Each structure stands twice: as C-alpha cells, then as structure tokens.
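Thanks for coming. Please look at the sequence and the structure on the screen, and keep both in view while I talk.

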Amino acid sequence: MKFISTRGKWDVISSSTAIIKGIADDGGLYVPISFPSLYEVLKEKKGLSYEKLAYEIISNFFDDIGKDKLKEAINNAYSNKFYVKEEKGFLELYHGPTSAFKDAALLFLPQIMKAAKEDKNIKEEIVILTATSGDTGKAALQGFSNVNGFKVIVYYPKNGVSAIQQKQMTTQDGNNVKVIGIEGNFDNAQSGVKEIFGDVELKEFLKSNGFLLSSANSINIGRLIPQIVYYFYGYFELVNKQKIKEGDKINIVVPTGNFGNILAAYYSKKMGLPIEKLICSSNENNVLTDFMQTGIYDKRRELILTESPSMDILVSSNLERLIFEITNRNSEETAKLMEKLNKNGAYKISELSKKLLNDFYGNYANTEEVYNAINKVYNEKKYLIDTHTAVGYVVLEKYRKETSDYTEALVVSTASPYKFPRSICRALELDIEGKNDFELLNLLEEYTKIKIPKNLKELDKKKVLHKDVYEKKEMKQALLKFLKVNYND
C-alpha cells in the first residue's frame with residue numbers, strides 16, 4: 001500500500017516513510033492511496049484472536065515492513081498487554097497499561113516505527129513530539145519508554161486533564177522521555193506542535209544534529225490504521241454472541257474530540273464492514289456537531305473545560321482526512337479549506353460534500369446529561385461507564401429518539417471510569433467532601449465492587465519526575481532543552 005498527502009500532489013510514498021515522517025512536508029496528513037475490501041475475506045475468519053485479526057488488517061496497509069517483522073510488532077504490542085471485549089452494547093477499549101483506548105495504537109506504534117526505522121536504515125534518533133488532551137500522552141510515554149533510537153516529549157494543558165491523567169504522565173520513568181505542562185488548553189499545545197513540525201529550518205538543524213521529528217498523535221498513519229482493527233473485532237464479537245447475524249448492519253457510536261477514532265470506523269465502513277450510521281458524539285465543545293449538521297466548521301468559540309477532558313478540543317485534526325474523502329480526494333480543495341481554518345478560523349464545505357456526510361450523525365451531551373447517563377446505566381445495568389463513554393451513550397439515546405432507528409449499536413468505551421473518579425462519584429451521588437482523587441478511587445471500588453485497574457491502584461505513591469511548565473510560545477525552547485542542542489532562529 002502506498003500513501004499520499006491530503007494537501008498536495010506529492011510523490012506517492014511507502015508506509016515506512018509515512019510512519020516515520022508522521023506529517024507530510026506540505027502540512028497535510030498521509031492517507032492510503034486506496035482502501036482494500038476486507039469484510040468478505042475476514043468474515044470467514046471471525047474467530048481469530050485479536051493479534052491475528054490485527055495482522056490480517058494491518059498487513060494490507062503496511063506491506064513493505066515484511067511479514068515476520070509485522071507479526072513480531074503486533075505480538076510485542078498486544079500479547080498479554082491489551083484486549084478488547086464487548087459488554088452490554090459497549091466496546092471496551094481500555095484494557096491496557098494506561099486504561100484508555102489509546103493503548104490499542106500506541107503499544108503498536110513504537111514497534112512498527114522501530115521496524116520502519118530499520119527498513120529505511122535511518123541512523124538519526126527519532127523524536128516523538130506529541131500534544132495530549134489526557135490519554136495520548138501517557139500511552140505514548142508508556143509505549144516508547146526506553147525504546148532505543150527514540151526520544152519522546154509530551155505537551156499537555158496544565159489545567160486541562162484529570163488529576164489521575166496528570167499523575168500518570170508526570171510519574172513516567174524512562175531515560176528518553178519528557179513531559180511538559182503548557183499554560184493553556186489542548187488546542188494551544190496541538191497548534192504549538194504543528195508550528196514546530198512546520199519549521200523547516202528547525203527540522204534541518206535538528207537533522208544535522210542527528211534528530212528526526214515525528215508524531216505519536218493520531219495524525220500519524222501508523223497510529224490510525226491499528227484503530228480499524230477493533231471495529232472489525234467488535235462486529236465479529238456481536239456475531240459470535242448471536243446479537244446480530246453475519247452481514248447485518250450496525251451503528252457505531254464514538255465519543256470524539258480529535259476525530260481519529262471515528263475516522264477509523266469510517267475507514268472500516270469503506271473496507272466493507274457492515275456499518276449503517278457513524279454517530280459522532282461531542283461534549284459541550286460541539287464544533288463537530290455543528291459541522292455535521294451545517295457543513296460549517298467554526299472553531300471561533302471559547303474552549304469549555306468539561307467532565308470529559310480528552311474531548312475538550314476545538315480543532316479536530318483528523319477531520320482533514322474526512323474532508324479529503326468527501327471532496328472526492330481533491331487535495332487542492334482540502335488544502336484551501338485547511339488554509340481558511342488556519343487564517344479565518346472557519347470553513348464551509350460544498351453542498352455536494354455535505355451530502356457525503358450522510359454516513360454520520362452528530363450531536364452532543366452536556367455535563368448534567370453525562371452524570372444522569374452514568375447514574376442510569378449503573379443503577380439499571382450495574383455497569384460502570386466513564387464520562388467520555390457517557391457522552392456516546394447520551395448521543396445514541398438522542399439519535400434513537402429522533403430517528404426511531406434501533407439498529408444494534410456499539411458504543412465505544414474509551415477509558416476506564418477509574419481515570420475520572422471525582423466525576424463518576426458525583427454522578428453516583430457519593431459523598432466526596434474533603435477527599436482527593438486517589439481516595440475517591442478506593443471509595444468507588446468499595447461502592448461498586450469493581451476492582452481498580454492495577455496501573456492506577458498505587459499511582460498516588462509514585463514519585464513525580466516531570467515538573468516543568470512552559471508558555472505555548474516556549475514549546476520550541478522546551479524541545480531544544482530536552483535534546484540538549486542550541487539553536488538561534
């Protein structure tokens with residue numbers, strides 16, 4: 001499989017090159033040159049383990065890595081580290097070392113990048129530059145920690161993640177990792193990372209000093225493709241449990257901020273997976289809801305800090321890949337729209353493109369609705385969901401009420417509820433007065449009898465190793481200090 005940029009008619013490149021580069025030289029994102037039709041083949045193998053199914057799917061995209069190396073990368077990523085299960089209509093994607101769905105891709109990404117680096121005989125050290133709204137950062141740090149040939153620097157909004165998420169990141173050990181708090185929000189951190197990637201002179205300077213920049217955000221195709229796997233796996237779980245028949249269509253419900261997870265579902269549909277509707281679920285930062293309903297993307301609004309912080313995003317980077325598809329893969333049009341977003345803060349797609357959004361339904365949930373959903377699902381089903389999953393649940397209920405479409409649905413459950421204990425305890429109307437988030441973990445476990453994930457249980461006792469906080473304008477300076485190089489721009 002070859003890859004091209006969403007923004008320009010650049011050379012068609014291999015998967016190894018796309019994975020290493022992360023973002024195209026023109027600022028665009030890499031996309032597959034085509035999508036293989038896989039459902040008809042894979043439905044005959046619906047009993048495969050997650051690792052074997054991952055190989056059957058990923059090998060179609062990353063075919064220049066080598067079969068043995070790819071199998072090794074997949075097994076190193078997932079065996080005894082990560083699993084997916086369907087429970088009561090929820091697709092649980094948080095059974096990994098950081099208790100969030102990001103593990104699915106960020107356990108795999110270091111392995112495939114290492115293989116790609118070897119394939120291209122790259123001698124430089126690769127510097128993974130990542131902005132996070134909460135979960136990506138820890139998953140990237142965990143995946144790349146102490147991996148030879150790589151360094152990782154993660155920027156997170158200082159007051160924009162949960163206490164658990166922050167402690168997960170700031171206690172990360174490893175001789176090649178750095179965590180930086182940013183005075184600002186996630187969009188500030190993300191735009192700062194994009195500015196660094198767009199600084200050609202800086203990248204040339206770093207290369208001359210033995211460093212190549214790359215990304216672990218979902219803008220990297222090496223992270224996006226593995227997310228396709230769990231939609232196929234989830235569908236076959238429904239078939240195996242006889243909740244649906246083979247070939248029946250289902251709806252997929254995704255709580256989303258940066259649009260990567262739901263884009264992977266969209267790619268799955270293009271590959272033949274029987275999906276009827278992609279239900280795009282937002283919190284109060286409902287820029288995606290407005291886009292789905294009007295065809296206008298407008299980031300010119302105040303970012304709201306919510307109970308689902310991983311979705312507190314106004315610039316959904318992966319939407320660019322969808323724009324590329326619904327403009328009939330018109331890179332010139334895509335580039336123009338992205339330029340409008342950058343300069344004016346908004347853009348409007350054509351009526352023809354808007355019609356191609358029919359695969360999607362968009363809506364949002366507010367904090368009260370999220371709390372009510374958590375309370376309702378627990379009390380009616382004795383099933384505990386986190387605040388992000390609750391956003392998806394609320395929007396599914398709204399969709400069903402509006403359309404009377406009760407097609408079997410999979411609600412993507414993106415994080416363990418224990419990552420947001422204060423919010424969950426409030427939703428369950430527990431007494432949290434005077435208790436910190438780590439005490440609330442124990443309160444939640446005592447109340448629900450659901451065990452705290454091992455990686456979170458002793459987190460409060462871990463030593464904070466990363467205390468640096470910078471302004472957004474100082475992000476480049478933080479990077480250079482981490483790499484121990486002097487640069488005058």
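Which residue in S15 is the bridge partner of Val253? It is Val411. Before I go on, please note that this is a predicted model.

Let me stay with that strand. Strand S15 covers residues 409-413, and 5 of its 5 residues are buried, so the rest of the structure largely encloses it. You can check this face by face. On one side sit Ala409, Val411 and Ser413, on the other Leu410 and Val412, and all of them are buried. The general background is that side chains in a regular strand alternate between the two faces of the sheet.

Now the partners of S15. Strand S10, residues 250-255, runs parallel to S15 and is joined to it by 3 bridges. Val253 with Val411 in S15 is the pair I asked about. S5 also pairs with S15 in the parallel sense, again over 3 bridges. There, Leu91 has Val412 of S15 as its bridge partner.

Where does the chain go after S5? Strand S5 spans 90-95 and helix H5 spans 103-106, and Lys102 is found in the loop between them. The UniProt entry, which is unreviewed, annotates Lys102 as "modified residue: N6-(pyridoxal phosphate)lysine". Is Lys102 buried or exposed? Lys102 is buried, because its relative accessible area is 9% and the cut-off for buried is under 20%. Leaving out residues up to four places away in sequence, Lys102 touches Asp135, Thr136, Ala139 and Arg223.

The same unreviewed entry lists residues 92-412 as "domain: Tryptophan synthase beta chain-like PALP". Over that stretch the chain is 47% helix and 19% strand. The C-alpha atoms at its two ends are 7 Å apart.

Another buried position is Ser282, in strand S11, residues 275-282. Ser282 has a relative accessible area of 1%, so it counts as buried. Setting aside neighbours within four places in sequence, the contacts of Ser282 include Thr256, Met311, Asn363, Tyr364 and Val395.

For contrast, take Glu351 in helix H17, residues 351-355. Glu351 is exposed, with a relative accessible area of 53%. Glu351 and Thr294 are 57 residues apart in sequence, and their C-alpha atoms are 9.9 Å apart in space.

There is also an open sheet of 3 strands, in the order S2-S1-S3, with antiparallel pairing. Its edge strands are S2 (13-14) and S3 (30-32), each of which pairs on one side only. S1, residues 2-5, pairs with S2 over 2 bridges in the antiparallel sense. Within that pairing, Phe3 has Ile13 in S2 as its bridge partner.

Next, the domains. The domain assignment gives domain 1 as 3-220 + 467-483 and domain 2 as 237-428. The contact takes 53 residues from domain 1 and 54 residues from domain 2. The centres of the two domains, taken over C-alpha atoms, are 21 Å apart. Between them, domain 1 and domain 2 bury about 4400 Å², with 55% of it on carbon and sulfur atoms.

How many salt bridges are there between domain 1 and domain 2? The count is 5. The structure as a whole holds 27 salt bridges.

Let me go through some individual pairs. Glu86 forms a salt bridge with Lys241, with the closest N and O atoms 2.9 Å apart. Glu86 and Lys241 also belong to a network of salt bridges with Lys243.

Lys46 forms a salt bridge with Glu246, and here the closest N and O atoms are 3.0 Å apart. These two residues are 200 residues apart and link distant parts of the chain: Lys46 is in the loop between H2 (39-42) and H3 (50-58), and Glu246 is in the loop between H12 (226-240) and S10. Lys46 counts as partly exposed at 28% relative accessibility, and Glu246 is partly exposed at 37%.

The side chains of Glu276 and Lys249 meet in a salt bridge at 3.6 Å, N to O. Glu276 is in strand S11 and Lys249 is in the loop between H12 and S10, 27 residues apart. Glu276 is partly exposed, with a relative accessible area of 34%, and Lys249 is partly exposed too, at 47%.

Last pair: the side chains of Asp298 and Arg300 meet in a salt bridge at 2.9 Å, N to O. Arg300 is exposed, with a relative accessible area of 56%.

That is my list, thank you.

How values were computed
Residues numbered from 1 in each chain as written. Predicted model: local features only at pLDDT ≥ 70, side-chain atom pairs only at ≥ 80, totals over all residues. Heavy atoms only, no water. UniProt positions renumbered as here; feature names shortened; annotations may be inferred. Helix = DSSP H or I, 4+ residues; strand = E, 2+ residues; numbered from the N terminus. Buried < 20%, exposed > 50% of the residue type's maximum accessible area, 1.4 Å probe, protein only. Contact = heavy atoms within 4.5 Å. Pairing = 2+ DSSP bridges. Domains from an automatic or database assignment. Buried area = accessible area lost by both parts, 1.4 Å probe. Salt bridge = Lys/Arg side-chain N within 4 Å of Asp/Glu carboxyl O.
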